[in-house]
Amino acid sequence: MPTEILMPALSPTMEEGTLAKWLVKEGDTVSSGDLIAEIETDKATMEFEAVDEGVIGKILIAEGSEGVKVNTPIAVLLEDGESADDIQSSGGGASAPAKEEAPAEAKSEAKAEAPKEEAKAAPAAPLGADGNRIFASPLARRIAADKGLNLAQIKGSGPKGRIVKADVMDAKPQAAAAAAPKAEAAAAAPAAAAAPSGPSADMVARMYEGREFEEVKLDGMRKTIAARLTEAKQTIPHFYLRRDIQLDALLKFRGELNKQLEGRGVKLSVNDFIIKAVALALQAVPDANAVWAGDRVLKMKASDVAVAVAIEGGLFTPVLQDADVKSLSALSAQMKDLAKRARDRKLAPHEYQGGSFAISNLGMFGIDNFDAIVNPPHAGILAVGSGVKKPVVGKDGELKVATVMSVTMSVDHRVIDGALGADLLKAIVGNLENPMVMLA
């Protein structure tokens with residue numbers, strides 16, 4: 001039976017994407033693991049691999065198509081002995097969306113026939129007990145449905161743990177009762193009331209009728225940023241802690257280190273020290289090294305620190321894992337590599353997902369201070385301003401000039417209370433004002 005190749009979810013948050021380019025054509029033979037297409041997500045362009053072997057019988061979605069929903073059939077794969085005639089007889093490709101240029105009558109006919117044809121399509125991608133999508137090929141889902149198998153109890157052997165035909169062929173039926181109540185409860189749960197979204201696009205356009213303007217279409221990244229940050233401000237109870245940090249000792253220490261590292265081609269930035277300071281502070285205050293997980297808090301062991309990187313049209317927050325145990329030179333090299341690939345949109349999803357705490361540094365843009373928005377599920381984010389010369393009162397009571405950097409820590413009150421947040425910020429300040437301790 002012909003198998004539908006579905007639009008993949010290349011990250012846990014992906015709902016739709018752009019089919020940027022086909023790497024195969026109709027009639028090509030593919031094996032599991034072969035690259036067949038390039039998919040643009042809201043963050044990056046990813047290569048999509050085949051999970052089954054066969055022949056590309058029909059391409060349903062043309063390259064360059066935008067807004068293709070996850071699990072939409074994008075092509076049909078034929079097994080040995082099958083031909084293009086089998087696609088029509090099996091209903092393969094029936095759920096492909098009609099082209100925009102097709103006449104209205106054709107669209108109506110497609111809609112009328114859809115219910116009959118959809119019944120022959122592969123079952124929808126199931127969810128595991130933790131609510132996450134279970135990745136399985138369409139053929140594996142069909143076989144599992146026919147045999148009464150619970151995919152949540154099958155370990156996949158395909159690329160990135162995907163369940164393929166071989167995994168389900170020899171599996172024995174198992175009770176799915178445990179998964180059913182959760183699925184039913186999820187289906188029965190009423191949708192949350194939509195928050196006010198402001199005036200519609202048409203209403204806004206009418207406000208500026210007669211005024212010259214350019215309409216800019218939102219790309220996937222901008223839509224995601226808008227949705228996630230709106231959700232963050234509406235659902236996370238933010239509070240803010242502010243401190244001034246004297247940088248003179250750090251700047252002197254950095255200058256000395258860079259002279260010694262010059263022969264190795266290493267040049268440490270102030271941001272490298274900030275990353276290290278945050279990572280060590282999360283270890284010193286372990287209760288603050290946590291994330292919000294809906295009905296619980298997950299306390300992290302390692303310090304995985306995310307750093308905001310501005311790119312054209314948006315931003316990435318690549319994550320430096322185990323930053324607490326890495327040297328300053330290693331952090332510097334990794335940050336440069338991540339930032340470069342972020343600007344080229346070449347980061348893989350696992351490189352910008354995760355982490356428990358983030359850093360956003362606008363100091364290089366001359367910003368004195370600002371308040372950043374917590375990026376869920378993180379518990380906090382440190383907004384870093386520029387270092388400027390200011391008069392300060394020394395410990396001996398004398399007035400002196402010092403380089404002072406203002407920081408603001410935005411905190412999720414569900415995870416971190418005021419006193420705990422103050423302890424974390426105190427540890428960050430201590431590391432930056434006494435940089436030698438970060439090498440101990």
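This passage describes the overall make-up of a predicted model and then two local features of its chain.

The chain has 440 residues, of which 42% are buried. Its secondary structure consists of twelve helices and 18 strands. Of the contacts between residues at least 6 apart in sequence, 61% connect residues at least 24 apart. The chain has an accessible surface of about 24,300 Å², and carbon and sulfur atoms account for 54% of that area.

One local feature is a nonpolar patch on the surface, with an area of about 410 Å². Val204, Met207, Tyr208 and Phe213 make up this patch. Val204 lies in helix α6, which spans residues 201-207. The relative accessible area of Val204 is 31%, so this residue is classed as partly exposed. Membership of a patch requires over 30% relative accessible area, and the 31% of Val204 meets that cut-off.

The other local feature concerns Asp272, a residue of helix α9, which covers residues 270-284. Asp272 is buried but forms no salt bridge. Lys336 provides the nearest side chain of opposite charge, at 4.5 Å. A salt bridge is counted within 4 Å, and the 4.5 Å separating Asp272 from Lys336 is outside that cut-off. Lys336 is nevertheless among the residues that Asp272 touches when those up to four places away in sequence are set aside. The others in this set of contacts are Lys267, Leu328, Ser332 and Met335.

Terms used:
Residues are numbered from 1 along each chain as its sequence is written. This is a predicted model: local features need pLDDT of at least 70, side-chain atom pairs count only at pLDDT 80 or more; totals for chains, interfaces and linings use all residues. Side-chain values use heavy atoms; hydrogens and water are left out. Patches are made of residues with over 30% relative accessible area and no salt bridge: like charges are joined within 9 Å, nonpolar side chains (Val, Leu, Ile, Met, Phe, Trp, Tyr) within 5 Å. Accessible areas come from the Shrake-Rupley method with a 1.4 Å probe; for residues, only the protein chains shown count as cover. Helices (H or I, at least four residues) and strands (E, at least two) are DSSP runs, numbered from the N terminus. Buried means under 20% relative accessible area, exposed over 50%, partly exposed in between (1.4 Å probe, protein chains only). Contact means heavy atoms within 4.5 Å. Lys and Arg count as positive and Asp and Glu as negative; His and the chain ends are not counted.
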